[in-house]
There are 2 protein chains.
Amino acid sequence: MAELDLFRFVPFRLNRLAAEVSHALSEEYQTLYGLDIPEWRVMATLGFRDDACSAQFIAQCTRTHKSTISRAVTTLLARGLIERVENSIDRRAFELRLSRHGKTLYDELIPRLLAKEKDILSCLTAQERRDFAHALDKIERSLDLVQTRHPHKADAY
Amino acid sequence: MAELDLFRFVPFRLNRLAAEVSHALSEEYQTLYGLDIPEWRVMATLGFRDDACSAQFIAQCTRTHKSTISRAVTTLLARGLIERVENSIDRRAFELRLSRHGKTLYDELIPRLLAKEKDILSCLTAQERRDFAHALDKIERSLDLVQTRHPHKADAY
DNA sequence: CTTAATTGGTTGCAAGTGAGACTAGTTTAG
DNA sequence: CTAAACTAGTCTCACTTGCAACCAATTAAG
């Protein structure tokens with residue numbers, strides 16, 4: 001008969017680990033800056049790309065449902081952390097970018113999050129960290145999770 | 001200024017990967033057997049330990065909230081997949097175990113899930129898989145996620 | 001041109017889940 | 001023995017989120 005040890009079962013471990021890490025990080029963006037995960041993802045996507053982009057694009061590259069992104073965008077607009085301008089070519093779509101205020105928050109938050117990540121991974125040696133990242137790369141690629149294109153606003157998509 | 005590439009940020013990657021893997025697996029336990037994740041976790045814990053155990057124990061070792069486990073137990077009882085007997089020593093607690101029916105389902109499901117896991121990890125070499133598991137070990141330990149004890153029903157806890 | 005299909009984005013709804021109150025039973029302290 | 005502290009499990013509440021219907025704008029087909 002087949003045996004399964006839940007604690008050696010990778011899908012379970014990934015779930016548990018992701019939940020725990022999210023929880024640890026939420027201390028930073030949630031408690032300190034009042035952002036939830038979808039909001040943080042929008043901020044991160046806009047902050048990393050200096051270019052403006054659409055909600056659709058953010059949804060696709062963060063693999064988050066468009067309704068979730070839509071709600072996050074609404075909140076961030078209300079807080080003045082992002083700005084939205086109509087796209088002159090396609091009047092359905094909007095171009096999103098960080099506001100000056102949002103950029104300030106982003107620049108404050110990033111070092112904290114990177115420190116937290118570093119902290120979590122500090123139990124691994126440098127080589128182990130590289131290997132771990134490499135394994136994630138391969139698994140993501142094989143599951144087709146990778147965003148190969150970073151389309152610019154002009155991209156048809 | 002600090003830069004953060006969301007796609008190289010481990011917490012984000014873990015979240016996305018865990019969600020994707022869960023989704024892939026749910027095909028098996030959800031679609032085929034009508035179990036959701038908490039229900040599956042209860043089944044897996046009971047199936048792996050031949051011993052009976054309490055809801056509390058399942059909650060602790062799967063790191064799932066006790067109310068979530070409680071609901072899963074209720075559903076599984078109604079479906080006759082598990083059995084519950086009063087604990088003669090402590091009348092607050094119940095001993096849970098798989099029913100014959102539940103055991104049959106478990107034995108059918110396990111090979112499918114293991115195959116799916118193998119499939120997901122097949123993009124890694126044997127050595128990479130070992131390294132990956134090892135890295136998970138270390139991170140889990142450093143985050144104190146590891147269930148060091150497998151308490152038996154007599155355990156005070 | 002006109003109609004149908006598609007796409008960006010929003011919203012209502014329902015299912016799932018964590019927090020925490022609550023009940024019942026147990027243990028510890030005095 | 002009694003009261004206080006604690007624990008197992010259930011339940012209600014609030015919140016999050018995925019789904020699907022929807023609206024408006026755009027593009028494709030006839």
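1. A residue is near a molecule or strand if one of its heavy atoms lies within 4 Å of it. With that in hand, start with the DNA, and keep in mind that this is a predicted model. DNA strand D is surrounded by 20 residues, the closest being A:Thr68, B:Gln56, B:Ser70, B:Arg84 and B:Arg92. Of the strand D atoms that come within 4 Å of the protein, sugar and phosphate make up 58%.

2. Where does the surface near DNA strand D come from? Three helices each put in at least two residues: H4 (66-78) of chain A, plus H3 (55-62) and H4 (66-78) of chain B. H4(B) gives the largest share, with 4 residues. By residue type, this surface splits into 8 charged, 7 polar and 5 nonpolar.

3. Now for individual side chains facing strand D. B:Arg92 has a polar side-chain atom 2.3 Å from a base oxygen of DNA strand D. From chain A, an N or O atom in the side chain of A:Arg71 sits 3.1 Å from a base oxygen of that strand. B:Ser70 goes for the backbone instead: one of its polar side-chain atoms is 2.7 Å from a phosphate oxygen of strand D.

4. Away from the DNA, have a look at H1 of chain B. This helix covers residues 10-32, 23 residues in total, and spans 32 Å from first C-alpha to last, close to the 33 Å expected at 1.5 Å a residue. H1(B) also has a kink of about 45 degrees, centred on B:Ser26. After the helix comes B:Gly34, with a positive phi near 65 degrees.

5. B:Arg13 belongs to this helix, H1 of chain B. Is B:Arg13 buried or exposed? It counts as buried, because its relative accessibility is 1%, under the 20% cut-off. Leaving out residues up to four places away in sequence, B:Arg13 touches A:Ala133, A:Leu136, A:Asp137 and A:Glu140 from chain A, along with B:Phe7 and B:Arg8 from chain B. Two of those names, A:Asp137 and A:Glu140, are charged by residue type. For a longer-range check, the C-alpha of B:Arg13 is 19 Å from that of B:Leu145, which is 132 residues away along the chain.

6. Last, A:Ser22, which lies in helix H1 (residues 10-32) of chain A. A:Ser22 counts as buried because its relative accessibility is 12%. What does A:Ser22 touch, not counting residues up to four places away in sequence? The partners are A:Tyr29, A:Ile37 and, across in chain B, B:Asn15. The side chains of A:Ser22 and B:Asn15 are also joined by a polar contact of 2.5 Å.

How values were computed:
Residues numbered from 1 in each chain as written. Chains lettered and ligands numbered in written order. Predicted model: local features only at pLDDT ≥ 70, side-chain atom pairs only at ≥ 80, totals over all residues. Heavy atoms only, no water. Buried < 20%, exposed > 50% of the residue type's maximum accessible area, 1.4 Å probe, protein only. Polar contact = N/O pair within 3.5 Å; in protein donor to acceptor, adjacent residues only side chain to side chain. Contact = heavy atoms within 4.5 Å. Expected span 1.5 Å × (residues − 1). Bend = angle between axes of the 7 residues up to and from the residue.
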